[in-house]
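Trainee: Got a few minutes to go through this one with me? I'd like to start with single residues and then zoom out.

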Amino acid sequence: MPVNLWKDIGFLLFVTGVVASLLLVWSFFLQRQITARTRSLEKEIAERRKVEDALRISEQRFRSIFENSPAAIWEEDFTEVRQYFDQVKQSGNIDFRRHFDEHPEVIGMLAAKVKIVEINQVSVALVGAKNKDEVILNLASYFTDEAYPVFKEEMIALATGQTRFESDIKLKNLAGETLTYHLVLIVQPGYEATLGRVLVTFRDITERIRGEAALRDSEEKFRKAFVISPDAVNINRLQDGLYVAINQGFTTITGFTEADTIGKTSAEINIWYDPEDRKKLIKGLSTSGVVHNLEARFRKKNGAVINGLMSASVIELGGVQHILSISRDITGMKESQQEIEKALEEKETLLRELYHRTKNNMQVIIALLDLQASQINDDRLTTAFNEIQNKIRSMALVHQKLYEASDLSHISLKDYFTDLISLLATSYQAENGQLAVEADLENISVVVDTAVPCGLILNELITNSFKHAFQPGQTGQIHLNLHREEADIVMSYCDNGPGVPKGFDFRRDGNMGIKTVFVLVENQLRGQVEFSSQQGVRCDLRFTDSYYKPRI
């Protein structure tokens, strides 16, 4: 084999070895790069997965907060609104307030461009919808005339680059009821340029607004009442009586002005005539926090003393307890009351004297009749005189009871009947037999105009029993019952005598005494009376005590 050929083969082998070595080295480095890149990709994938997991967790948390928030949250898309802003800016107009003032119709157009992307469940209840779709489809219907000025300010804020807007706004729910909400709008980070994602929260503050309005109205009413009240109204510190405020009525009644009182205590202006009255006030306030109709005497600025009727309650001002008091000058009323009491006392004295003299005059009449009867030998006339005397005694007894009573208008039928029965029994039992009178009497008070006919009726019934029910020397029983049945007074009288013949008509056939009972019950008392006879004679009568009124 030629030498040159061996040289060529050797060279080729050398080159091949070099190439193989280079390939081996390149393969080694390539393997390392692939391994490093693989590891880098694995790390990048792991990190991306971590980011995705974090994003997923974050989104889940956001959705959880979104759905479970007590506030209504709307995710809205203002992209088309941003596009309109950009068009206006391109036309060279950057004064959006002026632009909206000149084109007010644009506000409604922009409201229609807002798209609701998502809402939470609270929003459904907020507007009274059945589901989320019903809320989203009725966006325009929520706006009231009062809402558009607020929406205008919202548009100005977004157009000028602000990412947060907050205001109160009045919106309608689907039932047509206008409610007040506190609105907070926040452009989400990363969407400042497009306004593609904006979160809006609504919180119903209707009750708070109404409460604040009611409080303002109450304060205004109190202020007006404080200012225009003719009574003395003042506020003092509870601890020491330091005056905080007084009204014009206070000045009119006491003579003390604001310059005389504000910053001074009640002791310093010496307004309490008797310091014990203020102690009574403080004691009452300490017990219940309020005092009604406390009578006290006050010293006016000129030294005159007046009578006041005070009501007060404890209030807090700046965390410090104060007294709000209202006092009325009752000096004139007290003087009038004293005059009335004096006049009533004089009238009572005169009435008692009148009752006493009336009773005495009737006693004189009885005595004259008794004197006249003693000179008559006719038994019938003597009996007639005695009956007349008993009638007069029953009337005189009424005046005696009124004279002795504390109430000059009313008399107790129980006491009156008890004494009248005793008086009549004493009169008749001397010549007739012994009669036992059983009385079950309820304590009922009536006016004198009712008591007199009641006494005459009882007199006629007892007289009838003594005269006709029993023979001389015979014993018997009389039962009397008096009670109320609701508005009626019911009186039942009966004896155990022989009664009356069959077919006897009390109204037609009765004697003068029985007929007198009918007249007194029906004409004087405006009541009903019924006689019956089974075992003896029974009389039931019913009347009210409302026909006659007290005379004093």
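Trainee: Okay, where does N234 sit in the secondary structure?

Mentor: Keep in mind that this is a predicted model. Look at the run of residues 232-237, which includes N234. That run is strand 6.

Trainee: Is N234 buried or exposed?

Mentor: Buried means under 20% relative accessible area. N234 has 6%, so it falls under that cut-off. The verdict for N234 is buried.

Trainee: Which side chain makes a polar contact with the side chain of N234?

Mentor: Leave out the neighbours within four places in sequence and N234 has contacts with F226, Y243, A245, I246, F250, I323, L324 and S325. The polar partner isn't in that list. The side-chain pair has a distance of 2.4 Å, and the partner of N234 is N236.

Trainee: Moving on to S266, which helix is it in, and which residues does it touch?

Mentor: S266 belongs to helix 11, residues 266-269. At 6% relative accessibility it's under the 20% limit, so S266 is buried. Not counting residues up to four places away in sequence, it touches G241, Y243, I271, W272 and R278. So you get two parts to the answer, and the helix is helix 11.

Trainee: What is the phi of N270?

Mentor: N270 is in the loop between helix 11 and helix 12 (275-288). Its relative accessible area is 42%, so N270 is partly exposed. It isn't a glycine, yet its phi is positive, at about 55°.

Trainee: And where is N293, the other residue with a positive phi near 55°?

Mentor: N293 is a residue other than glycine, with phi near 55°. Exposed means over 50%, and N293 has 53% relative accessibility, so it counts as exposed. As for its place in the secondary structure, N293 lies in strand 8.

Trainee: Which backbone nitrogen does the side chain of N302 reach?

Mentor: Find the loop between strand 8 (290-299) and strand 9 (305-317), since that's where N302 is. N302 has 61% relative accessibility, so it counts as exposed. Its side chain gets to 3.0 Å from the backbone nitrogen of A304.

Trainee: What C-alpha distance separates N302 and G255?

Mentor: Along the chain, the two are 47 residues apart. In space, the C-alpha atoms of N302 and G255 are separated by 7.3 Å.

Trainee: Let's do T206. Which residue offers its backbone nitrogen to the T206 side chain?

Mentor: T206 is in helix 8, residues 206-228, and at 6% relative accessibility it counts as buried. Aside from neighbours within four places in sequence, it contacts L179 and T180. L179 is 27 residues away in sequence, with a C-alpha to C-alpha distance of 5.6 Å from T206. The backbone nitrogen lying 2.9 Å from a polar atom of the T206 side chain is that of T180.

Trainee: How far apart in space are L461 and V517?

Mentor: L461 lies in helix 16 and has 3% relative accessibility, so it counts as buried. Beyond its neighbours within four places, L461 is in contact with M491, Y493, V517, F531 and C539. L461 and V517 are 56 residues apart in sequence, and C-alpha to C-alpha they are at 8.0 Å.

Trainee: Which helix gives the most to the lining of the second largest pocket?

Mentor: That pocket holds about 180 Å³ of space. It has 14 lining residues, and N464, H468, G499, V500 and V537 lie nearest its centre. By class the lining has seven nonpolar, six polar and one charged residues. The top contributor, with four residues, is helix 16.

Trainee: Zooming out, what share of the contacts with a separation of 6 or more comes from residues 24 or more positions apart?

Mentor: The protein chain has 18 helices and 17 strands, and of its 552 residues 37% count as buried. Within the contacts you asked about, residues 24 or more positions apart account for 58%.

Trainee: Last one: how much of the exposed area do carbon and sulfur atoms supply?

Mentor: The protein chain exposes about 32,800 Å². The carbon and sulfur part of that comes to 54%.

Note on methods. Residues numbered from 1 in each chain as written. Predicted model: local features only at pLDDT ≥ 70, side-chain atom pairs only at ≥ 80, totals over all residues. Heavy atoms only, no water. Buried < 20%, exposed > 50% of the residue type's maximum accessible area, 1.4 Å probe, protein only. Polar contact = N/O pair within 3.5 Å; in protein donor to acceptor, adjacent residues only side chain to side chain. Contact = heavy atoms within 4.5 Å. Areas by Shrake-Rupley, 256 points an atom, 1.4 Å probe, with all protein chains shown as cover. 1 Å grid on protein atoms, 1.4 Å probe; cavity = no way out; pocket = protein on both sides within 12 Å on 5 of 7 lines; lining within 4 Å. Points joined across faces, edges and corners; volume = space filled by probe spheres on them. Nonpolar A, V, L, I, M, F, W, Y, C, P; charged D, E, K, R; others polar.
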